[in-house]
Amino acid sequence: MKGQSHALALAREYLSGPMIICFSDTLMETDFSFLAQEKSDGVAWVMPVEDPRRFGVAEEGADGWVKRFIEKPQSMDNNLVVVGCYYFKSSEQLLSAIDDQIQRGVMLKNEYFLTDAISIMIESGAKVRTNRISTWLDTGTIEATLDTNKMLLEKLGTQSKQADRYAGRQVKVIEPSFIHATAEIANSTIGPYASIGENCKIENCQIAESILEPGSEIKDAALSRSLIGRQANVKGRGDGHVMQLNISDTSSVIL
């Protein structure tokens, strides 16, 4: 809860030598093979975006090295966003900077951000560069998560003959979609761009462009652009009116 740097400080007994940090809400395409010959002290993966204000940005100098990182900038002038993946030649060097960060109390909104620790490394003489990528899927918001789910379904493809297992249950599957083998579905249309988790139960529904987490139960509802948490329960009116719902784990909604 105290932020990224604090989390790494708590894990210091497991960190030594070269390391890669990749945030759990980051999905990207890159090639790590160059790291075997990497000479810099650190590498930050970046990508230009239209609006950088929700993220951190890298400020590069004329020499190409990173001068500093700015977390959640107010300005739109620099759109070189760090996507949440980093390489460090020395874990110990990073941990030393984190200790300095915590001692100084360098925080934003009561959190110790990793970008501030890297800026402290740079102040102490570390050489950090960027590595640009062109494919980055962000899952930091509900809308971004749904968009990412859509892109992944398009890219990875879906199960063939999914509808065969529901023969006789009046189930229509519109590809691309993913349905876990343990899901129970009857009298429903699934897809396009729907991801149905394990042990979900769906009856008399239309589910499109949505994610249903494991164990959720949906009945008599038409959902689009929705994110339904684990073991959540939704009971609709059965009138076919399409709704957008975002509900957390173990929640219950009766319409």
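What share of the 255 residues in the chain is buried? I looked this up before anything else, and buried residues make up 45% of them. Here buried means under 20% relative accessible area, exposed means over 50%, and partly exposed is in between, with a 1.4 Å probe and only protein chains counted.

**Ground rules**

I am working with a predicted model, in which local features need pLDDT of at least 70 and side-chain atom pairs count only at pLDDT 80 or more, while totals for chains, interfaces and linings use all residues. Residues are numbered from 1 along each chain as its sequence is written, and side-chain values use heavy atoms, with hydrogens and water left out.

**Entry 1: the whole chain**

I looked up the helices and strands and found four helices and 23 strands. Both are DSSP runs numbered from the N terminus: helices are H or I with at least four residues, and strands are E with at least two. The C-alpha trace spans about 70 × 40 × 35 Å along its principal axes.

Next I checked the surface. The chain exposes about 13300 Å², and carbon and sulfur atoms supply 49% of that area. Accessible areas come from the Shrake-Rupley method with a 1.4 Å probe, and for residues only the protein chains shown count as cover.

Then I turned to contacts, meaning heavy atoms within 4.5 Å. Of the contacts with a separation of 6 or more, 44% are between residues 24 or more positions apart.

**Entry 2: helix α2**

I compared the expected and actual span of α2. This helix has 14 residues, 91–104, and at 1.5 Å a residue it should span 20 Å; its end C-alpha atoms are 20 Å apart, so the two agree. The expected span is 1.5 Å times one less than the number of residues.

Which residues of α2 are buried? I found S91, L94, L95, A97, I98 and Q101. They lie on the same side of α2, because they cover an arc of only 160 degrees around the axis. That arc is taken from the directions from the helix axis to the C-beta atoms. My textbook note for this: an α-helix has 3.6 residues a turn, so residues three or four places apart point the same way.

I also asked what covers these buried residues; the cover includes α1 (4–10), β1 (19–22), β6 (80–88) and α3 (114–123). Just after α2 comes G105, with a positive phi near 75 degrees.

**Entry 3: two nonpolar cores**

A nonpolar core is a set of buried Ala, Val, Leu, Ile, Met, Phe, Trp, Tyr and Cys residues joined through side-chain atoms within 4.5 Å. The largest one has 25 residues, of which F69, F88, L94, L114 and I118 touch the most other members. Elements that give two or more residues to this core are α1, β1, β3 (42–48), β5 (66–71), β6, α2 and α3. The largest share, six residues, comes from α3.

I followed F88 outward. Leaving aside its neighbours within four places in sequence, F88 is in contact with G17, P18, M19, I21, D41, G42, L94, I118 and M121. There is also a second, separate core of 23 residues, which includes V173, A183, L212 and M243.

**Entry 4: two open sheets**

Strands pair if DSSP finds at least two bridges between them. I traced one open sheet of five strands with parallel pairing, in the order β9-β12-β15-β18-β21. Its edge strands, β9 (171–173) and β21 (242–243), each pair on one side only. Inside the sheet, two bridges join β12 (188–190) to β15 (206–208), and T189 has Q206 as its bridge partner.

I then traced another open sheet of five strands, ordered β10-β13-β16-β19-β22 and also parallel. At its edges stand β10 (178–179) and β22 (246–247), each with a single partner strand, so one side of each has no neighbour in the sheet. Two bridges pair β19 (227–228) with β22 in the parallel sense, and I228 stands opposite I247.

**Entry 5: loops with unusual angles**

Where does P176 lie? I found P176 in the loop between β9 and β10, joined to E175 by a cis peptide bond with omega about -5 degrees. The bond from G191 to P192 is cis too, with omega near 0 degrees, and P192 sits in the loop between β12 and β13 (195–196).

Last, I looked at N187, a residue other than glycine with a positive phi, near 50 degrees. N187 lies in the loop between β11 (184–186) and β12, and counts as partly exposed at 37% relative accessibility.
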